[in-house]
Amino acid sequence: MGAEAPVVLGIESSCDETGAGLVREGRLLGQALASSMDEHARFGGVVPEIAARAHLHALGPVVRAALDDAGLAPEDIGAVAVTTGPGLSGALQVGVAAAKSYAYALDVPLYGVHHLAGHVAADTLEHGPLPDPCVVLVVSGGHTSLLLVRDLVREPIVHLGDTVDDAAGECFDKVARVLGLPYPGGPAIDRAARDGDPRALAFPRPMTGPRTPAAHRYAFSFSGLKTAAARWAERHPGGSVPDAAASLQEAVADVLTRKALDACRAHGVGTLVVVGGVAANSRVRALAEERCAAAGVTLRVPPMRLCTDNGAMIAAVGDLLVRAGAPAVPPGVSIDPSAPLERAALAPGAPAPAAA
């Protein structure tokens with residue numbers, strides 16, 4: 001038998017959550033999370049400088065809390081993985097600097113991870129290895145993408161479609177502000193929608209009609225939907241906020257699940273994986289369950305605690321990279337705040353591999 005895989009420490013600091021997780025051979029051993037959300041709420045959105053400062057204060061305690069949760073000591077860590085992009089520049093720099101320090105002090109390899117690949121890998125901590133192939137719907141505050149995934153860490157990730165303007169989470173945040181709901185908008189919309197009628201308002205379903213160009217079959221656009229909701233709020237200052245929230249949520253869930261199931265059918269894929277912060281939305285989850293059951297497609301959605309940003313998902317990618325024999329990154333690895341998702345490993349500033 002081969003040697004046991006090392007414990008991988010994952011560090012996530014791309015936005016306003018400071019996360020640390022510990023994973024070995026696909027099993028989550030412990031995790032901890034700190035959020036600076038309350039500090040941003042009064043500004044109606046994330047303030048990069050505040051986020052970076054909060055990471056600086058929280059990272060050490062969060063790593064120690066994750067180790068305590070796992071019943072491990074620092075010397076039990078055998079590798080470190082860290083988000084190197086995309087995200088807020090200052091926030092990413094704090095996480096990468098900390099990860100380099102841990103890797104150097106413990107004399108263990110360091111791995112750079114793409115944030116969105118972390119969201120994909122989060123599901124493996126609950127449901128095991130991803131089927132090959134599967135369609136993955138990544139839906140979060142700043143990203144909405146439909147992906148065709150085979151081997152997450154060994155093969156390139158195929159983009160079937162991406163958002164061309166506002167992502168679903170951005171739409172929720174912006175409309176929530178217009179409706180007078182608190183930040184973050186996604187959970188606020190979800191709560192308000194419980195008392196509303198999703199059929200009350202006929203909000204549009206962007207890029208789903210017969211005139212949608214073939215090139216945009218799997219693309220997303222939520223800017224027009226956001227504008228339609230904002231215009232309704234302007235014309236109906238005393239209108240029902242629950243009805244508006246429920247109707248908006250229904251439109252977003254309809255577009256997301258409709259395109260995702262279309263992609264599964266077109267590519268002959270029997271499993272849909274829905275990940276990211278908006279995967280925590282109750283209507284998105286319920287409609288995905290309903291439509292997947294009707295289509296005979298297996299649905300996989302991580303538990304709520306693994307949908308939003310966390311260190312466990314970064315450790316999960318690191319664990320997969322270690323077990324795949326991927327090379328560690330050099331000490332000079334940097335960050336890429338706007339990195340496209342091409343592969344799970346992301347090592348900005350590292351020398352390109354030599355040609356064979």
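Let me start with Cys-292, which is buried, at a relative accessible area of 1%, where buried means under 20% relative accessible area, exposed means over 50%, and partly exposed lies in between, using a 1.4 Å probe and protein chains only. Its sulfur sits 6.4 Å from the closest cysteine sulfur, that of Cys-264, which is too far for a bond. Cys-134 is buried as well, at 0% relative accessibility, and its closest cysteine sulfur, also in Cys-264, is 8.9 Å away, again too far for a bond. A disulfide is counted here when two cysteine sulfur atoms lie within 2.5 Å, and by that rule the count comes to zero.

Before going on, I should say that this is a predicted model, in which local features need pLDDT of at least 70 and side-chain atom pairs count only at pLDDT 80 or more, while totals for chains, interfaces and linings use all residues. Residues are numbered from 1 along each chain as its sequence is written, and side-chain values use heavy atoms, with hydrogens and water left out.

Now to the interior. In soluble globular proteins, nonpolar side chains tend to be buried together. A nonpolar core, for our purposes, is a set of buried Ala, Val, Leu, Ile, Met, Phe, Trp, Tyr and Cys residues joined through side-chain atoms within 4.5 Å. The largest such core has 49 residues, and those with the most contacts inside it are Leu-137, Leu-146, Phe-222, Leu-248 and Leu-272. Several elements supply at least two residues each, among them strand 6, strand 7 and helix 10 (282-295), with helices and strands taken as DSSP runs numbered from the N terminus, a helix being H or I over at least four residues and a strand E over at least two. The largest share, 13 residues, comes from helix 9. If we set aside neighbours within four places in sequence, Phe-222 is in contact with residues including Thr-144, Cys-171, Val-252 and Leu-256, contact meaning heavy atoms within 4.5 Å. There is also a second, separate core of 34 residues, which includes Val-149, Ile-157, Met-313 and Ile-314.

Turning to the sheet, five strands form an open sheet in the order 3-2-1-4-5, with mixed pairing; two strands pair if DSSP finds at least two bridges between them. Strand 3 (27-35) and strand 5 (110-114) are the edge strands, each pairing on one side only. Strand 1 and strand 4 (residues 77-85) run parallel and are joined by five bridges, and Leu-9 has Val-80 as its bridge partner in strand 4.

Finally, the charged side chains. The structure holds 15 salt bridges, each being a side-chain nitrogen of Lys or Arg within 4 Å of a carboxyl oxygen of Asp or Glu. What does Glu-4 form a salt bridge with? The partner is Arg-24, and the closest N and O atoms are 3.6 Å apart. Because Glu-4 lies in the segment before strand 1 (7-12) and Arg-24 in strand 2 (residues 17-24), the pair ties together parts that are 20 residues apart in sequence. Glu-4 is exposed at 56%, whereas Arg-24, at 23% relative accessibility, is partly exposed. Asp-197 and Arg-199 form another salt bridge, with 3.7 Å between the closest N and O atoms; Asp-197 is partly exposed at 29%, and Arg-199 is exposed at 69%. Salt bridges that share partners also join Arg-205, Asp-254, Arg-258 and Arg-291 into one network.
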